[in-house]
Amino acid sequence: MNTAHDRKKKAKINALLFGAVSVALYSAAFYYADPMVELYAKGGAYCLLPVATVFLFSYVHGNFASNVWTALGIEASSSAGRKTKAAEATPRKETRTRATVNA
Amino acid sequence: MHDLLLDGARFVDLSLVGVLFLFFVGFVGGLVSGFIGSGGAFVLTPGMMSLGVPGPVAVASNMCHKFPKALVGALKRYKYGQVDIKLGLIVGVSAEVGVQIGIQIQKLILELWGPAGSNLYVSLAFVFVLVTVGSFVMKDAITTKRNGGEEKVTNIAKKLQSIELWPMVNFKGSNIRISFWFTAPVGLAAGLLAATIAVGGFAGVPGMIYIIGMSSLMASATELVVAFVMGLGGTLIWAFYGMVDIRLTLIILAGSLFGVQLGAIGTTYVKDYVIKYVMATIMLIVAFSRGLAIPKYLKQLEAINWDATLISSMSKTSFGLMCFALGVGAFIILKAMIVGRRKERQMAMAAGTNV
């Protein structure tokens with residue numbers, strides 16, 4: 001069973017892993033800040049660089065942040081998602097007559 | 001813009017205080033954004049400019065953090081079943097068109113009346129739109145709370161949904177079938193507002209609630225998809241001109257990714273109308289704050305002759321009030337979340353289960 005305790009434990013490990021990668025990425029970005037800023041400001045086709053960078057950071061740092069909240073026990077309400085499930089259409093019963101073959 | 005491109009001094013030196021300020025505002029902006037679908041930009045852009053960052057670089061760097069933040073928030077809220085991706089993408093594409101129209105209007109005003117005229121137009125749009133929409137949303141939030149907290153689809157949305165105008169679009173996520181031609185104006189308005197005051201969600205979310213007929217929970221979550229589409233398109237344009245200061249973007253992103261996920265979690269503990277409350281409160285305070293900035297531009301246009309010290313203190317109060325608006329929003333969200341969690345725990349303990 002996936003209890004709150006299990007989730008917290010797993011999140012702590014993930015938070016440490018993603019946290020370490022996030023710290024490494026941020027350290028690298030600020031260590032090479034000046035050449036990075038110059039390169040990214042060239043414009044033109046270089047416009048893909050900032051986009052790619054923020055995607056990478058949002059994946060790593062986003063996972064880190066998510067796991068930190070879970071490790072701290074801050075999670076969504078257990079009722080989350082129930083509303084949508086209730087709103088889904090109920091499957092229609094098959095009422096049409098169907099041709100069958102009696103062997 | 002080309003002159004600015006050639007100017008090597010457009011990227012400022014960052015102080016520790018500046019970094020901490022951006023991180024903190026990024027966090028609070030993210031929190032509000034994760035909850036109501038938009039917000040934060042109205043403090044971040046002037047905040048960066050007060051640190052010495054040129055306007056276009058502040059706007060570009062802000063926008064570059066906006067779309068990954070919106071993506072992370074949208075993914076989180078998708079897990080809770082709150083996002084209508086199809087609707088978000090359709091409104092998002094219409095919003096891109098709105099942004100382009102908004103930019104042309106801005107250019108025209110800049111040519112006719114110069115930077116002060118442009119700033120005056122932005123401030124007037126801020127005050128007019130936010131007071132009108134904010135008052136309406138606040139009135140609706142109060143009525144909904146009085147009626148037991150259950151949201152009802154507006155009559156106008158019901159009427160629009162009943163009109164068969166090709167092409168009709170089915171939105172399974174929000175269980176709505178409506179003509180594309182009624183979703184397009186919502187996107188256009190969001191885009192126009194985004195190009196004018198940088199916060200398109202203040203038109204997008206109310207539009208999705210009152211015109212398309214979504215619940216506030218779904219509308220605020222779907223706005224994150226719209227923000228992603230608009231933010232990605234806008235970032236590519238700004239980055240094409242080399243205006244993104246990646247350091248600023250990454251600092252704000254560091255704070256906002258924590259905030260946006262907390263805001264998304266917060267939506268699962270509150271009733272739908274709380275989203276309207278937070279949005280309307282922020283809109284009304286921000287409208288008042290921008291109102292205080294108007295005399296500065298009127299003086300620049302030589303329309304009034306007020307004392308310079310008075311105008312300067314009004315401008316400072318205006319920025320302070322915008323920070324206050326964000327703070328009030330964050331306070332309501334966190335308080336509602338803490339109360340909601342406490343109630344759920346008490347119920348779980350009473351039922352003897354482990355949540």
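This is a short tour of a predicted model, going from the interface between two chains to a few charged pairs.

**Stop 1: where the chains meet**

Colour chain A and chain B separately, then select the residues in contact. You should have 46 residues from chain B and 41 residues from chain A. Together the two chains bury about 3,400 Å², with 71% of that on carbon and sulfur atoms. Now pick out Ile246(B), Leu250(B) and Phe258(B): in chain B they lose the most area to chain A, and together they make up 18% of what that side buries.

**Stop 2: the side of chain B**

Stay on chain B and show its helices. The elements giving two or more residues to the side that touches chain A are α4 (55–79), α9 (216–240), α10 (246–267) and α12 (308–351). Click on α10(B), the source of the largest share of that side, twelve residues. Colouring by residue type splits this side of chain B into 29 nonpolar, nine polar and eight charged residues.

What holds for salt bridges across the interface of chain B and chain A? The rule finds zero there. For polar contacts, the count between the two chains is 13 residue pairs.

**Stop 3: annotated spans in chain B**

An unreviewed UniProt entry marks "transmembrane region" at several spans of chain B, including 20–44 and 250–270. Select residues 250–270 of chain B: this span is 86% helix and 0% strand, and its end C-alpha atoms are 31 Å apart. Then select residues 20–44 of chain B, which are 84% helix and 0% strand, with end C-alpha atoms 13 Å apart.

**Stop 4: salt bridges within the chains**

Over all chains, the structure holds five salt bridges. Begin in chain A with Glu75(A) and Arg7(A), whose side chains meet at 2.7 Å, N to O. The pair links distant parts of the chain, 68 residues apart: Glu75(A) is in the loop between α3 (48–71) and α4 (82–87), and Arg7(A) is in helix α1 (residues 4–31). Glu75(A) counts as buried because its relative accessible area, 17%, is under 20%, while Arg7(A) is partly exposed at 27%.

Move to chain B and select Asp140(B) and Lys276(B), a salt bridge of 2.6 Å, N to O. Asp140(B) belongs to helix α5 (residues 85–146) and Lys276(B) to helix α11 (residues 272–300), 136 residues apart. Lys276(B) is buried, at 4% relative accessibility. Add Glu151(B) to your selection to see the network of salt bridges that links it with Asp140(B) and Lys276(B).

Finish with Asp245(B) and Arg247(B), which form a salt bridge of 2.7 Å, N to O. Asp245(B) is buried at 1% relative accessibility, and Arg247(B) is buried at 11%.

Definitions and conventions
Residues are numbered from 1 along each chain as its sequence is written. Chains are lettered from A and ligands numbered from 1 in the order in which they are written. This is a predicted model: local features need pLDDT of at least 70, side-chain atom pairs count only at pLDDT 80 or more; totals for chains, interfaces and linings use all residues. Side-chain values use heavy atoms; hydrogens and water are left out. Contact means heavy atoms within 4.5 Å. Buried area is the accessible area (1.4 Å probe) that two parts lose on being put together, summed over both. A salt bridge is a side-chain nitrogen of Lys or Arg within 4 Å of a carboxyl oxygen of Asp or Glu. A polar contact is a pair of N or O atoms within 3.5 Å; within protein, one must be able to donate a hydrogen and the other to accept it, and residues adjacent in sequence count only if both atoms are side-chain atoms. Helices (H or I, at least four residues) and strands (E, at least two) are DSSP runs, numbered from the N terminus. Ala, Val, Leu, Ile, Met, Phe, Trp, Tyr, Cys and Pro count as nonpolar, Asp, Glu, Lys and Arg as charged, and the others, Gly among them, as polar. UniProt positions are given in the numbering used here, feature names are shortened, and annotations may be inferred rather than shown by experiment. Buried means under 20% relative accessible area, exposed over 50%, partly exposed in between (1.4 Å probe, protein chains only).
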